Amino acid sequence: MSEFQEKIDHFVELQKKHKNIQKNTTVKYRIAKLRKFKQAIVKRQGQIELALKEDFSKAEAETILTEIFPVISMINYTIKSLHKWSKPKKISNNLFFLGAKTYIHYEAKGNVLVISPWNYPFQLALYPMLTAFSAGNTVILKPSEFTPKTNEILRQLISDVFESHEVVLIEGEVKETQALLDKNFDHIFFTGSTPVGKIVMNKASQHLASVGLELGGKSPVVIDSQVDLEDAAKKIAWGKFVNAGQTCVAPDYILAHKDIYDDLVQLLKKEIQNLYPNIESNDDYCQIINDSHFERLNELIEEAKKMGAIIEYGGHKLNERKLEPTLLSGVHNEMRVMQEEIFGPILPLIKVDDCEQMVAFINAKDNPLSLYAFSRSKEFIEKIRQQTSSGGYSVNETILHVASSSLPFGGAGNSGIGRYHGFHGFEEMSNIRAVLKRKSNWGLHYFYPPYTKNIKKVLDVVLKKFSSFV
Ligand code: NAD
């Protein structure tokens, strides 16, 4: 047996034995741990910033904004709300439940496996891990193999606060992750690509583990002719090029009304320059995570060019795996850049005639994780919402909905299964147990067989009354 297999056998067994104790930890205990975790993050802030810098040259300010803030705000919100979320909820019921009380109890699922990606390696590991812990689960966290420095900090933070029987970090590549997936977990929470999400779901089905799949896809932006175009360009440029486009909810492509298309291209160029002046030496703009993703992105540009696309802006490889923010026009659906999730700083723009064409274009593809509409027209905004489907829908804004602790976050269809953030995450990581309590003596036994004529008569009367309600 390999050393890794022995390691996972050990931790899985350890957490299995501990599951019932963990499940019955008090809210007070969990809140105390969350507070301690927050303090550990604050103490190690400099190390966290350095780790992300070393992994993919992420600017310190961006690490604070997009990695540390979301986790701290998640902890604060959970500390404030956990008592309320955890309380059994009394449920009203109908006539047949006379004399009985019914409740929903939120109980831990048990042993949870969290698998996280590299693109926001700090927050996308900790957010689900802390959510699972807050709901009373034990957690094994398997972060991405592409961010070793961040993983080291995650390991230290976890061991600052948790015993390995409640939360432990295990690193590994594909083979190791699959060995973990062969184990019998109660819930698997996966954030990553759609193809790997399918592998995870397949593996989970062997043990009927429930799954939360936070996946990707092509998130479109639609822009109406009635719009504050400068504002739209500013928000799109930021939402697209933050983290060099390596954001699951980043605008993937734009469908712009023909009346504003040319102005939009010019405004986007201006906004890119405003955000990232002197791009060659700009430390605010991060790297592509590794050589293979860097090559993949360059291939997308090269193929699109060969097939007739025009580079409106950028398109150059910069030093140290940095790729210039790139605007492409003249793209079509036969190009790879319009088929696969881009997940990098390339933004294709497509000119369209009207709202109907936008809807048809979006609906011909898989449901996206997010959809962004820019318009002043209520009718346009509602039409796009009603006639399409996606995990999230933002109007006159990009990517910000992800930062909300109270909005549910997740995909639809190919972009994911399940929701998290705030109460939605707590619920996702809980077994929602239906509890009925009846005082002895009371019950439906008056209506048990043998079914006498009197029983039938009473039931007839009750049914008549019952049917006339509402
Ligand atoms: P990925 O699917 O390649 O990897 C994610 C995790 O799965 C990693 O921990 C990795 O080690 C593991 N993994 C990879 N291949 C595997 C396999 N064959 N079997 C088992 N495990 C495997 O994703 P990534 O490249 O790390 O992240 C990018 C993707 O994640 C994009 O598609 C992006 O949209 C998506 N994403 C989604 C969200 C969300 O919240 N919906 C957030 C961030 C990223």
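Colleague: Which element gives the largest share of the shell around the ligand?

Modeller: In this predicted model, the elements that contribute two or more residues to the shell around the ligand include strand E6 (187-191) and helix H8 (194-205), along with a helix spanning 174-181. The largest share, three residues, comes from that helix, H7.

Colleague: How many residues of the shell around the ligand are nonpolar, and which domains supply the shell?

Modeller: At least three residues of the shell are drawn from each of domain 1 (3-215 + 419-431) and domain 2 (220-405). Among the 27 residues around the ligand, those that come nearest are Trp-118, Glu-145, Ser-193, Leu-215 and Glu-341. By class, the shell has four charged and nine polar residues, and the number of nonpolar ones is 14.

Colleague: Which side chain has an N or O atom 2.7 Å from an oxygen atom of the ligand, and what percentage of the ligand's accessible area does the protein cover?

Modeller: Polar side-chain atoms approach the ligand at several points: one of Lys-142 lies 2.8 Å from a ligand oxygen atom, and one of Gln-178 lies 2.8 Å from a ligand nitrogen atom. The distance of 2.7 Å to a ligand oxygen atom belongs to the side chain of Ser-193. Of the 840 Å² of accessible area that the ligand has on its own, the protein covers 92%.

Colleague: Where does the ligand sit?

Modeller: The ligand, whose shell includes residues from H7, E6 and H8, has its place in a pocket of the protein. Among the pockets, the one that holds the ligand is the largest.

Colleague: Which residue that is not a glycine has a positive phi, and which peptide bond is cis?

Modeller: Most residues other than glycine have a negative phi, and most peptide bonds are trans. In the loop between H8 and strand E7 (210-214), the residue with a positive phi, about 50 degrees, is Leu-208. In the loop between strand E16 (430-438) and helix H15 (453-468) lies Pro-450, and the cis peptide bond, with omega near 5 degrees, runs from Pro-449 to Pro-450.

Technical notes
Residues numbered from 1 in each chain as written. Predicted model: local features only at pLDDT ≥ 70, side-chain atom pairs only at ≥ 80, totals over all residues. Heavy atoms only, no water. Near = heavy atom within 4 Å. Polar contact = N/O pair within 3.5 Å; in protein donor to acceptor, adjacent residues only side chain to side chain. Areas by Shrake-Rupley, 256 points an atom, 1.4 Å probe, with all protein chains shown as cover. 1 Å grid on protein atoms, 1.4 Å probe; cavity = no way out; pocket = protein on both sides within 12 Å on 5 of 7 lines; lining within 4 Å. Sits in = over half its atoms within 2 Å of the grid points. Helix = DSSP H or I, 4+ residues; strand = E, 2+ residues; numbered from the N terminus. Nonpolar A, V, L, I, M, F, W, Y, C, P; charged D, E, K, R; others polar. Domains from an automatic or database assignment.
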